[in-house]
Amino acid sequence: MSALSALHQRVCQCRNCPLGQADGVREDGSAFYHVPGEGPENARLMIVGEAPGAEEERTGRPFVGRSGRLLTEILAAAGLEREEIFITSVCKCRPPKNRTPLKTEIAACLPWLAAQFEAIRPRLVLAVGNVPSQTLLGVKTGINGLRGRFHQFTWNGRTMTLRPLFHPAYLLRNPRRVEGSPWDKMLRDLVEARRFLA
Ligand code: URA
């Protein structure tokens, strides 16, 4: 078993915070799965989201709901293959009613992300939305003030490059694809990311 698979088995047993539950089917018939992340262990690009939503919780896979499908589409439009990217989130469990994760929940989950950085050593990290961008950069600035450029951040002594992105849920709420639209800006960020890796 690879180091990453072993790590993900441990993630799936995590009870570090109240969001973690036993994987399986609940009494009401709904499914609960931890969502450790997926993608190649040698990925050069890593996407870090906020936390799983309902569809992710049900399937145990990251970014497979409406936002995830839009993310896959815009990645392809920028010439990036989803299959070549390691995709995960700051929190590996779904907060109730998709609320923003609490600081305590983020802190409890961050050691898993640190271990993923260590295992994958990505060349570039794409932070999807406010929560991962602010968490990894250690700032309170909103995504509008962060996106559009590369940042450096240091984690456990390792300096990595990060590009903040809009969350695809924001694009779903603002669906126009004209010049200057959220789609257009996010596409430009992704094209820059592809060029960075070239
Ligand atoms: N948003 C995230 O941050 N992660 C997912 O897996 C889905 C939506």
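UniProt positions are given here in the numbering of this chain, and such annotations may be inferred rather than shown by experiment. With that in mind, I looked up the record: UniProt places the feature "domain: Uracil-DNA glycosylase-like" at residues 36-191, in an unreviewed entry. I am working on a predicted model.

**Entry 1: the annotated stretch**

I asked for the make-up of residues 36-191. The chain there is 41% helix and 18% strand. I also checked the end C-alpha atoms of this stretch, and they are 27 Å apart.

**Entry 2: the sheet**

In what order do the strands of the open sheet lie? I read β4-β3-β5-β7-β6, five strands with mixed pairing. The edges are β4 (85-89) and β6 (151-155), each of which pairs on one side only. I then looked at the twist: neighbouring strands are turned by 30° against each other on average, direction ignored.

Next I went through the pairs.

- β3 (residues 45-49) and β5 (residues 124-128) run parallel and are joined by four bridges. Here I found Met 46 opposite Val 125 of β5.
- β5 and β7 also run parallel, with five bridges between them. Leu 124 stands opposite Thr 161 in β7.
- β6 and β7 pair over five bridges in the antiparallel sense. His 151 has Leu 162 in β7 as its bridge partner.

I paused at the β6-β7 hairpin, which has two residues between its strands. Asn 156 in this hairpin takes a positive phi near 50°.

**Entry 3: helices on the sheet**

Which strands does helix α5 (residues 130-137) touch as it packs on the sheet? I noted β3, β5, β6 and β7 (158-165). The direction of α5 makes about 130° with that of β5. Helix α8 (residues 182-197) packs on the sheet too, touching β3, β5 and β7. For α8 I noted the angle to β7, about 150°.

I stayed with α5 a little longer. This helix is mostly covered, with six of its eight residues buried. Those residues are Asn 130, Val 131, Pro 132, Ser 133, Thr 135 and Leu 136. I checked what covers them: the list includes β3, α4, β5, α6 (143-146), β6 and β7. Right after α5 comes Gly 138, with a positive phi near 65°.

**Entry 4: helix α1 and its cover**

Which residues of α1 (residues 3-11) are buried? I found Leu 4, His 8 and Val 11. They sit on the same side of α1, because they cover an arc of only 50° around the axis. The spacing makes sense to me: an α-helix has 3.6 residues a turn, so residues three or four places apart point the same way. On the other side of α1, I see Ala 3, Ser 5, Ala 6, Gln 9 and Arg 10 exposed.

What covers the buried residues of α1? The cover includes α4 (103-120), so I compared the two axes, which come within 10 Å and cross at roughly 175°. That makes α1 roughly antiparallel to α4, because angles over 145 degrees count as such. For the contacts themselves, I listed Ala 3, Leu 4, Leu 7 and Val 11 in α1, which meet Trp 112, Ala 115 and Ala 119 in α4. Leu 4 and Val 11 thus turn up twice in my notes, as buried residues and among those that meet α4.

Technical notes: Residues numbered from 1 in each chain as written. Predicted model: local features only at pLDDT ≥ 70, side-chain atom pairs only at ≥ 80, totals over all residues. Buried ≥ 20, exposed ≤ 12 C-beta atoms within 10 Å, placed from the backbone. Arc of directions from axis to C-beta. Contact = placed C-beta atoms within 7 Å. Pairing = 2+ DSSP bridges. Axes fitted to C-alpha atoms, helices over the stretch in contact; angles between N-to-C directions. Parallel < 35°, antiparallel > 145°, perpendicular 65-115°, else oblique.
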